[in-house]
Amino acid sequence: MGTLLWPPPPPPPSVISVSGKRPLSTTFPPGLRETRHSRGKARSKILSSKFESFINLKPESKPESLNLDLRWLDPSTNKSSMDVIIIGAGPAGLRLAEQVSRFGIHVCCVDPSPLSIWPNNYGVWVDEFQDLGLEDCLDKTWPMTRIYIDEHKTKYLDRPYGRVSRKRLKTKLLETCAAIGVQFHKAKVWKVKHQEFESLVECDDGSNLRASLIVDASGFSSTFIDYDKPRNHGYQIAHGVLAEVDYHPFDLDQMVLMDWRDSHLGNEPYIRDENSRLPTFLYAMPFSSNLVFLEETSLVSRPVLSYKEIKKRMVARLRHLGIRVRRVIEDEKCLIPMGGPLPKIPQRVAAIGGTAGLVHPSTGYLVARTMVIASVLSQTILECLGSTRMIRGKQLHERVWNGLWSSERRRVREFYSFGMETLLKLDLNGTRGFFDGFFDLDPYYWHGFLSSRLSLRELGLLSLSLFGRASNTCKLDIVTKCPAPLVKMMGNIVLDTVL
């Protein structure tokens, strides 16, 4: 459901960042190879054929670039120090550049390919982009979302969902940035060096740029942000395709947010057992009767589930649903670190987006929240660099990091991380029970939880309501499996309050 990344402790070789696409692996997953037994051999041939016909289709789309006139920085003639350098031209970096530059602060974005369209898909709740004034950047909306809890229970959510048009959003952000004076430099940042009141950015083209504040918006793969605690993240992993199909069973007015059914694994006992222990779901966006985005997703796991396992389950699911893929227009490999510790606060390089810990620890959502936080962070930067006092150096770094992660936001994130730790302990039945109760809550609470809008007090009320609505089996799961994460969360919140 999500975004961009830093390399986790070694995942399987096929795992890559969602920030870049590669052709799908043609390696057969274990269990789909031919065996010496005649029945197994015949069955394996059928499965391998199905697997090959889908997985071996190469995506037809090619990387695109926009044709826009930007304000390019010439390092050979511009030797003066800037106010802010933003590393990265993704949604987070461009939104922050736009917001900060509005106040007359000199901003430069450094990115290897500022005009390239982002490769990853973004799904958002329509009301979130409406609040941001970005509803014109949605290329498709669905008035309702559907969740399959199991084969017998389906929930319908009266909250419109949309897919972000990457081209429209990037065009809008770049055009606004160009109009208000943001400069761009096409290069990769190799190193950041610090002096007392400014920092030096060294780029791969040999240029050196200076600024009072460096903000890292380059995603999880960044090496510029320091941590002082073990990075024990959970991982959301997904494999998706925008595909032309002969047929699909989905209502064109509804997107499928989660499909937890497992009847497609009836003839796959080994995969079904694994899915019962570490469940995955289908996320589906139907665009027409024969065009659909399909994504098999592990909501969160630790260690990360392998891509081979994800693809095996997706192949089995599509075969069961009668979906035959004729063309793969785009493919997406997504790995999102979730939860874990925040970066060291403060430090001399600021951050926004995934590298700042802004991914929702329980869901993987990032884009809309980052857009909101960019406005908040820009106000803090304005107070420091836009004032006549020109607050710089250590005091600037402290104010920026504490503006990004106020005490209240840190405590709220602890609660969301508790939600992630709870989900990590639930099997398929426990996960079904959890979401069955969660989406029965007052919409104010589940809307707010998914959009990171609730206060700590409201999250406490949500928990009590959820426990009260949960089935007896789900309550037993929570009572027996969640005490340790609960104690950890409470301890961290108390410690944060005291310090």
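1. In this predicted model, helix α5 turns the exposed residues P269 and D273 outward, on the face that points away from its buried side. The helix spans residues 269-277, and its buried positions are I271, E274 and N275. Viewed down the axis of α5, these buried residues fall within an arc of 100°, so they line one face of the helix. As for what covers that face, the buried residues of α5 pack against two other helices, α6 (307-321) and α10 (428-438).

2. Strand β15, residues 281-288, is mostly covered, with seven of its eight residues buried. Its pairing with β14 (residues 254-259) is antiparallel and rests on two bridges, and here D259 has L282 of β15 as its bridge partner. The pairing of β15 with β16 (residues 291-301) is likewise antiparallel and runs over seven bridges; in this case F281 is matched with T297 of β16. The connection between β15 and β16 is a hairpin that passes through two residues.

3. A separate point concerns the open sheet of three strands, which follows the order β4-β8-β5 with antiparallel pairing. Its edges are formed by β4 (123-125) and β5 (138-142), each of which pairs on one side only, and the twist from one strand to the next averages 30°. Between β4 and β8 (residues 161-164), which run antiparallel, there are three bridges, and W125 has Y161 of β8 as its bridge partner.

Notes
Residues numbered from 1 in each chain as written. Predicted model: local features only at pLDDT ≥ 70, side-chain atom pairs only at ≥ 80, totals over all residues. Heavy atoms only, no water. Buried < 20%, exposed > 50% of the residue type's maximum accessible area, 1.4 Å probe, protein only. Helix = DSSP H or I, 4+ residues; strand = E, 2+ residues; numbered from the N terminus. Arc of directions from axis to C-beta. Contact = heavy atoms within 4.5 Å. Pairing = 2+ DSSP bridges. Axes fitted to C-alpha atoms, helices over the stretch in contact; angles between N-to-C directions.
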